[in-house]
Amino acid sequence: MRRIVPLLTLAALLWIAPAMAADPIPGGLAGNIYPVPTLPPTDSQLAVAVGSPMPDFDLPTITGGRVKLSDYLGKKNLVITFVPAAWTPVCSGQWPGYNIARDIFEDNDAALIGITLDNIPTLYAWTRQMGDLWFPVASDFWPHGGLAQKLGILRSDGVSERALFLVDKKGVIRFIDVHDINARPDLGPLLEAMAKVHAEK
Amino acid sequence: MKALALGILAALILLTAPGSQALAAEASEAPGAKPLAVGTAFPDVPLIGPVSPELADSLGIPQNGPTPIAKVKAEALIVEIFSMYCPFCQRDTPTVNELAALIDKRGLAGRVKIIGIGAGNSDTEVDIFRKKFKVPFALFSDATFAVHSAVGQVGTPYYYVLKKTPQGFTIVAAHLGLIHSPADFLADVVAKAGL
């Protein structure tokens, strides 16, 4: 009997394996993207400008920690990438690209934070599908869109704009790209701005 | 009890093995994709962006484009449609680099060429991808998605295998998603292109 039980267990698990594999919803990032129609390119009014101080923030991250503006002041230039929502088409392809550009951020003494207005469990599940991201991912879920509102990038449907901010070590905003929400921003202009800020002594 | 534990462990290994996820997508999907059919002519899309003198010489094209793809000097041309933002393309690149090395090793470098076209990628973004993965073959940009649209708005990575004819390039094979065996892929290229 002792020998039969494991064999039966194995047989049962092998029997259910094809059923699990035949799940009609394909796994992973590519198979679970929610289709989104073309939206108005922007739907908010910026509340900051290049030269403005970066509003303070203190947000929870998917690893259980927090990210604060004060973590970076005087230490690192900081790039903040807001994407509108987890599990949507353009957003799901944006951070995997930043994930292979780590060297460039480090060469420019810059840190990167990814933020959406989704809650932590959603963000966790979504970013897990991207592999290991080297940068912290934070949630501006509650109070809903608090930082997005301070920046003036909270859209009327409760998601953020697709936006990039570069903040220097003094806490001054040096580059802003509030992009067409339907398209991914070219990394080129941001990298040029990072290099310019880094070159300043 | 030990046997039971081993049995369950074996089953769990089988269930979680990569092979059990065969149905999981291995490509970034593109809504509205309509891949071009095998047997049809490949559109004479422009190759955009600078390439090194060595690669330009190998392909028989100028260093700075745009150059119509039909100008590429090759009996068979593998065209990878990729994006630096596509995790599957990132994962596939070491294998494609192996494929390029295998083409050299088999003495086919003068006949079979590989190029990549970065769908929606600017020159800067293509350059990031090239450097990150030490890509040995020529990569071109397609910032406006114009080429991507012309070649069927395919998911990435997507591979078109083309054969040179007097009229230009004709599609002889196509493949969506990761390449698992460079040797099998190259054998297929050689067979389909009639080399």
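In the predicted model, Tyr158(B) stands opposite Leu176(B), a residue of strand E7(B). This register belongs to the antiparallel arrangement of strand E6(B), residues 158-165, with strand E7(B), residues 168-176, which are joined by 8 bridges. The two strands E6(B) and E7(B) form a hairpin, with 2 residues between them. Strand E6(B) also pairs with strand E3(B), which spans residues 76-82, and this pairing is likewise antiparallel, extending over 6 bridges. Within the pairing of E3(B) with E6(B), Ala76(B) is placed opposite Lys163(B). Strand E6(B) therefore has two pairing partners, with E3(B) joined to E6(B) by 6 bridges and E7(B) joined to E6(B) by 8 bridges, where a pairing requires at least two bridges between the strands.

These strands form part of a chain whose secondary structure comprises 6 helices and 7 strands. Read from the N terminus of chain B, the elements follow the order α-β-α-β-β-α-β-α-β-α-β-β-α. Chain B has 195 residues, of which 47% count as buried. When contacts in chain B are restricted to residues at least 6 apart in sequence, 68% of them join residues at least 24 apart. The area exposed by chain B comes to about 9000 Å², and 61% of that area is supplied by carbon and sulfur atoms.

Aromatic contacts were examined over all chains, and the structure holds 12 aromatic pairs. In chain A, the ring centres of Trp134(A) and Phe135(A) lie 5.4 Å apart and the ring planes meet at 85°, so this pair is classed as edge-to-face. Trp134(A) and Phe135(A) are both buried. In chain B, an aromatic pair is formed by Tyr158(B) and Tyr160(B), with a distance of 4.8 Å from centre to centre and an angle of 55° between the planes, and this pair is tilted. The tilted class applies because the angle of 55° falls between the limits of 30 degrees for stacked and 60 degrees for edge-to-face pairs. Tyr158(B) and Tyr160(B) are also both buried. Tyr158(B) thus combines a buried position with a place opposite Leu176(B) in E7(B) and an aromatic pairing with Tyr160(B).

The residues Trp134(A) and Phe135(A) further belong to one aromatic cluster in chain A, in which they are joined by Trp95(A), Phe105(A) and Trp126(A).

How values were computed. Residues numbered from 1 in each chain as written. Chains lettered and ligands numbered in written order. Predicted model: local features only at pLDDT ≥ 70, side-chain atom pairs only at ≥ 80, totals over all residues. Heavy atoms only, no water. Phe/Tyr/Trp six-rings, centres within 6.5 Å; stacked < 30°, edge-to-face > 60°. Buried < 20%, exposed > 50% of the residue type's maximum accessible area, 1.4 Å probe, protein only. Helix = DSSP H or I, 4+ residues; strand = E, 2+ residues; numbered from the N terminus. Contact = heavy atoms within 4.5 Å. Areas by Shrake-Rupley, 256 points an atom, 1.4 Å probe, with all protein chains shown as cover.
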